[in-house]
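Please take a moment to turn the model around before reading on. The paragraphs below begin at a single loop and then widen to the whole chain.

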Amino acid sequence: METTVHAPRPVRERRRRFRGVFGVLALTGVLALTGCSSTVDAAGGTGSGDPQSGGTLRIALLSSPESLDPHLNTSFAASNYGNSVFDKLTWQDPETGEIGPWLATAWEVNDTNTEFTFTLREGVTFSDGTPFNADIVKKNFDQYVFGDPALGIKPNGATHLKSYQGSEVVSDNVVKIVFKSPSASFLQFISYSGNNQPGIIGQKTLSSNAEQRLDPTNIVGTGPFVATEYAPKERTVLTKRADYNWGAPGLNHEGPAYLDKVEFVTIPEASVRTGALQSGEVQAAFDILPTDETVLEAQGFDITSRTIAGLNLGWNINTSLEPTNDINVRRAIVRATNRAGFKDTVLAPSEGQAKSVLAAHVQGSTDYTDDVLKFDLEESKRLLDEAGWKVGADGIREKDGKKLTLKATGHYLVPNSRYTYESIQASLKEIGVDLDFQFDASNIPTDQVNKEYHLINTNRSRNDPAILNVNFNPDRGNSARIPADFPDRQKIADTLEALESTLDPTQRAALTEQAQELVLDEYVLFDPVFEPSQVAASKGVHDIDLDATSRLHFLRTWIDQS
């Protein structure tokens, strides 16, 4: 019997504009490899003709991976080569959100969503020739979640896989993964290609310590490429596996990759990256500035882009500090954010207007632009008046002898975050709020952020509504810093955790809307700002794919050899 959840409170009908569908392929209990018709279309390149094999693709990125192990990687740059070296058990269709097969050809899920039994693809090998089987899957999840102190590998599953209990090898190609509590989003998470991704690594890597995993020769995956060179902060080279023949059916590609090599070149400065592309030093560049998109397109470069599925870029609102512990202050901040104005003025064509806490690609995302996310400075003023904040002689509001001053962090890796946050800063000043804005908070200790900052930047990728649970649940990420004595702390935790209780699409849609209501309206834990995007520009390069997590995938990519 499925976990019982409370029905969502009534909502205004105009909010019920869901985007996307829930992955029906994952709901049948058993999914056969031959039953998947979901495919990904070409995402880049405009040339015609048959794909050509061979050649090296040189692509410039903002930064380099801090490690070659997908379980250890915590940066966006590192996650962008993971798809080329490490495969996943499942594949998520970028457009529909449906979950399809990959290294797992079929699976069964018990009624409580606590046991997942996978039938694994046979004939798959790691790059060192060792076989892929149920035993290696068990070892991967055990080390991923629990870590290995002897090797210096830290536990890695506290948020996404919090209730993981263990894995059982049923047979050589069947493995059962067990959780202590419902974990319905697990099928989607094992397709995830973002930071700390659950890519399957070989025994040689599992046996290596954190320092040894910087050496490409110790990095063993089942993917279409092998890491052959790694110069920290300079370049990473991937070389094709000629024997690869188990790409995700959703990619609609059989056999090995077309490219012989992919060379990631680290170029931190955006203008230098663009210049390297324009001069032909590289054939492609990622992390393109919004201001350069239209310029490069006008110059004949192909633009491949996709907004990031997950939490929109915005501010987690610290509920443990004064004055953001007052819900009226939180509501006033959200109302002072001009999301539609950002789309009309500063955002690039590839970037999107935030219409919810969830990005548009996420199944069940609901449009709130007409009510709680409507830009309305007069309403912000009214809310602050009601909260007792009076405008002082200098235009900044005061209460009990204290100025209405807030501290906020930004996101230095997303260029338009500065412009949008500075615009909000100006709007807040107009209503009597002084915002002290720290654009780059990467070096500020987390404890200091928690104790001093009211608005904390975030942008988390994961194409599933469970990201709301991961981020806001006070028993998981607790990104709104909900204190232990918060009156409804348990209600918030239970409502968000309910997202893990079912795979039924109707029930999950209702739970997703209830979770968004909780975050945006009932408790106001987040201020969505905009939907950032990932953008690649190239010339003479075809079929650069961005997956459901907006990470690069090069299995189908090819370059003109003429």
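In this predicted model, a good place to begin is Asp-400, which lies in the loop between β18 and β19. The phi angle of Asp-400 is near 55°, a positive value in a residue that is not glycine. Most residues other than glycine have a negative phi. Is Asp-400 buried or exposed? With a relative accessibility of 73%, Asp-400 counts as exposed, because the cut-off for that word is over 50%.

The two strands on either side of this loop belong to an open sheet of 3 strands, whose order is β17-β18-β19 and whose pairing is antiparallel. Within this sheet β17, residues 390-391, and β19, residues 402-403, stand at the edges with a single partner strand each, so that one side of each of them has no neighbour in the sheet. Strand β18, which covers residues 397-399, pairs with β19 in the antiparallel sense over 2 bridges, and Lys-399 stands opposite Lys-402 of β19. As background, the strands of a sheet pair through backbone hydrogen bonds, and they can do so in a parallel or an antiparallel way.

A second residue with a positive phi is Asn-478, which is not a glycine either and has a value of about 45°. Asn-478 is found in the loop between α12, residues 467-472, and α13, residues 489-497. At 17% relative accessibility Asn-478 counts as buried, because buried means under 20%.

Another kind of backbone feature appears at Glu-322 and Pro-323, which are joined by a cis peptide bond with an omega of about 0°. Most peptide bonds are trans. Pro-323 is found in the loop between β14 and α7, a helix made of residues 327-335.

From that loop the reader can step back to β14 itself, which spans residues 313-317 and has 5 of its 5 residues buried, so that this strand is largely enclosed by the rest of the structure. Which strands are joined to β14 by bridges? One of its partners is β23, residues 526-531, which runs antiparallel to β14 and is joined to it by 4 bridges; in this pairing, Trp-315 has Asp-527 as its bridge partner in β23. Strand β22, residues 455-458, also pairs with β14 in the antiparallel sense over 4 bridges, and here the bridge partner of Ile-317 is Leu-455.

Earlier in the sequence, strand β8, residues 174-179, is mostly covered, with 5 of its 6 residues buried. Strand β6, residues 115-120, pairs with β8 in the antiparallel sense over 5 bridges, and Thr-117 has Lys-176 of β8 as its bridge partner. Strand β7, residues 164-171, is likewise antiparallel to β8 and is joined to it by 6 bridges. In this case the two strands form a hairpin with 2 residues between them, and Ser-171 stands opposite Val-174 in β8.

A helix offers one more place to look closely. Asn-140 lies in helix α2, which covers residues 134-146, and with a relative accessible area of 2% this residue is buried. What surrounds Asn-140, once its neighbours within four places in sequence are left aside? Asn-140 is in contact with His-71, Gly-199, Ile-200, Ile-201 and Leu-206.

With these local pictures in mind, the reader can turn to the chain as a whole, which contains 14 helices and 28 strands. Its C-alpha atoms fill a box of roughly 75 × 60 × 45 Å, taken along the principal axes. A compact globule of 562 residues would have a radius of gyration near 24 Å, and the chain has 24 Å, which agrees with that expectation. Of the 562 residues, 59% are buried. Among the contacts in the chain with a separation of 6 or more, 73% come from residues that are 24 or more positions apart.

The outside of the chain can be described in a similar way. The accessible surface comes to about 21,100 Å², and 48% of it belongs to carbon and sulfur atoms. The chain has 53 positive and 75 negative side chains, and the centres of these two sets lie 4 Å apart.

Key. Residues numbered from 1 in each chain as written. Predicted model: local features only at pLDDT ≥ 70, side-chain atom pairs only at ≥ 80, totals over all residues. Heavy atoms only, no water. Rg over C-alpha atoms; globule rule 2.2 N^0.38 Å. Buried < 20%, exposed > 50% of the residue type's maximum accessible area, 1.4 Å probe, protein only. Contact = heavy atoms within 4.5 Å. Areas by Shrake-Rupley, 256 points an atom, 1.4 Å probe, with all protein chains shown as cover. Lys, Arg positive; Asp, Glu negative; His and termini not counted. Charge placed at Lys NZ, Arg CZ, Asp CG, Glu CD. Pairing = 2+ DSSP bridges.
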